[in-house]
Structures are given as structure tokens and as C-alpha cells.
Amino acid sequence: MAWQSIPVARLEGVSQEQFTQQLYPQRKPLVLEGIDLGACTSKWTVDYLSQVGGKKEVKIHVAAVAQMDFISKNFVYRTLPFDKLVQRAAEEKHEEFFISEDEKYYLRSLGEDPRKDVADIRKQFPLLEGDIKFPKFFKEEQFFSSVFRISSPGLQLWTHYDVMDNFLIQVTGKKRVVLFSPRDAQYLYLSGTKSEVLNIDNPDLAKYPLFCKARRYECSLKAGDVLFIPALWFHNVISEEFGVGVNVFWKHLPSECYDKTDTYGNKDPTAASRAAQILDRALKTLSELPEEYRDFYARRMVLHIQDKAYSKNFE
Ligand SMILES: O=C(O)CCC(=O)C(=O)O
Ligand SMILES: [Fe+2]
């Protein structure tokens, strides 16, 4: 089925002032072209990355098929030296492999101690630091993490949201990104931060009938493009070619709003988690009532939440 997509706006040569004052407050995804990213877009070939990036062990997703499935877990976690990972991700068929000769790889780089440290490629890959410049469109103290994203051709990452604002820098290779607004979360069949609708191009509408109501935004990223993904916007990514990306997460809210134990940028703000816990308690309390009453009071609570907490400012 061909879906109507809304193209993500593309702008060339955006200044820091224009981004901060006009674009950022709109809280919409945007592709920025022509940003000065340093030498990485020409320098980061497979040979260069495997020589300069070194042999540091990295944890990777390995899948026998292109569409990774977090429900059936059709992928495994393995480790490889960084140089090997780059070489394997760049080839279609492998002499050495874990599952099958055409298995696919995905690297999402981690901090030194992934339970405590956030990823920052400037720390984990210091010899590559000089090659890349991050867009200077937010204050240094807002910086949260910078993450290597390296994938085999064809690999698809499931639809999910993160809680930080994000610049996804496409350094080499092509990628298709489909995005959904946080306002359409009700049509995405969420399980935590991820959507259960894995096949967004040909969804099972008997199982996910509301999915067709979700407005689909789409863009293609080529080397040198930077996609601004506002916090809470859902994104689904297909690497159309072997590709190297780096994403930079930064804090939009005051620091104290975020969960201090979050190293990935995807734990809900503490006030949201606390509210969800309180709601669970309310639901437990409601279950003391017989069905007819529980239903009536639950519906009244939904109306109350809509009235008090939904924004009237969004379409
Ligand atoms: O481009 C990718 O591989 C995934 C990007 C992503 O999920 C992110 O930057 O948050
Ligand atoms: Fe993400």
C-alpha cells in the first residue's frame, strides 16, 4: 500500500540565530543541509575508520533479516572490535559470521561503563574527534551524548522515541527516516518507548487498525544532512546503503527534570514516571469496584485527564 507521506522540511545554510529563534520553537522535524560538519563526510571511509577508529570492543546488534523485531527478538547481541564491525557492516556477504553469511549489523555506541556513562564519541574515539564538528545550535551545558550509528545496508530500526532533542548527522551513506508526531502516539501501539507496528510500509491492519490514522512524515538523508528530531517524535530508520551516522542528544528541559540513571536518552522524565506510577495506583484502587462502576468512574477520569492535561495548542 502506498502511504501518503508529509515531506520533512529541508533548509540550507541555516544560521544559529535562525534555528534557535524561528525553527527550534516549532518542535517539528527538519533536515538541515550544508552545515559545517568538518572533514568526516569525505574522510570517514571504511579503510580510514577501521585504521583510525581502532580495535576497541563494541557491542552490536546482529540480525539474520533486515527488519529487526524487538518482540520476537530476531537479533542477538555480540561484540566485535570496532575495525571488524566497520568492515563487516560494509560488506553484503561475510566469510566470518555469527548467524548467517548475509547477517546484518547495527552499532549504537555506548559509554565506557554503559550502566553509568553516556556515549560520547569524542571520549571513546578520540582520534576521530578532530574530523567532526557538531552543529553549534544549543549551549554546551545542554549536551547529553554523542552516539555512533553504523549499519549494514537494508537494516531497519524499529519505530521509537527518545526523550532528548536530537541532531542525527548522516556522515556517509543514505537513510530513509519516517517520523510520527507525539500527538499520534495513540495510533502507534506502544510497548514502552517502541511501536509494535514493525512493518510500517505494509502494516497488519487487522491487528493494528488505528495505525493508518498516524500521520507519516518522511525524509531521505544523504551524506552531510542533519536531521533535527525533537524529543518525543517517533522515528523509524532504514539504512539504504552502508552508512555511518553520529547523533547528538541534548537537553531541552532543565537538567533536574531528567532521570539521572538514564544513559541512553530514552528514560521518561521523572515527573512522567511518577505520574504513571500514581495512575497505576489509581487503577488498582478502581479495581475494588464492580465492573459497571469501575467503567463509569474510569471514563470520568479519562475525561478529567483530557480536560486538565491535554494541550489546546497542538493540532
Ligand atoms: O540512524 C539511526 O541508526 C538511528 C537514529 C536514532 O534512533 C537516533 O538518533 O535517535
Ligand atoms: Fe532514536
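## Ligand 1 and its surroundings in a predicted model

In this predicted model, residues 123–267 are 4% helix and 39% strand, and the C-alpha atoms at the two ends of the span lie 23 Å apart. An unreviewed UniProt entry lists residues 123–267 as "domain: JmjC".

The shell around ligand 1 consists of Tyr106, Arg149, Leu157, His160, Asp162, Asn166, Leu168, Lys175, His235, Val237, Asn247 and Phe249. Sorted by class, the shell holds 5 nonpolar, 4 polar and 3 charged residues. Four strands each supply at least two residues of the shell: β8 (156–160), β9 (165–172), β15 (234–239) and β16 (243–250).

Polar side-chain atoms of three residues in the shell, Tyr106, His160 and Asn166, are paired with oxygen atoms of ligand 1 as follows.

| Residue | Side-chain atom | Ligand 1 atom | Distance |
|---|---|---|---|
| Tyr106 | N or O | oxygen | 2.7 Å |
| Asn166 | N or O | oxygen | 2.9 Å |
| His160 | polar | oxygen | 3.0 Å |

Taken alone, ligand 1 exposes 290 Å², and the protein buries 100% of that area. The space that ligand 1 takes up is the largest cavity.

Is ligand 1 buried or exposed in the model? Ligand 1 is buried, with 100% of its 290 Å² covered by the protein. Which strands each supply at least two residues of its shell? These are β8, β9, β15 and β16.

Note on methods
Residues numbered from 1 in each chain as written. Chains lettered and ligands numbered in written order. Predicted model: local features only at pLDDT ≥ 70, side-chain atom pairs only at ≥ 80, totals over all residues. Heavy atoms only, no water. Near = heavy atom within 4 Å. Polar contact = N/O pair within 3.5 Å; in protein donor to acceptor, adjacent residues only side chain to side chain. Areas by Shrake-Rupley, 256 points an atom, 1.4 Å probe, with all protein chains shown as cover. 1 Å grid on protein atoms, 1.4 Å probe; cavity = no way out; pocket = protein on both sides within 12 Å on 5 of 7 lines; lining within 4 Å. Sits in = over half its atoms within 2 Å of the grid points. Nonpolar A, V, L, I, M, F, W, Y, C, P; charged D, E, K, R; others polar. UniProt positions renumbered as here; feature names shortened; annotations may be inferred.
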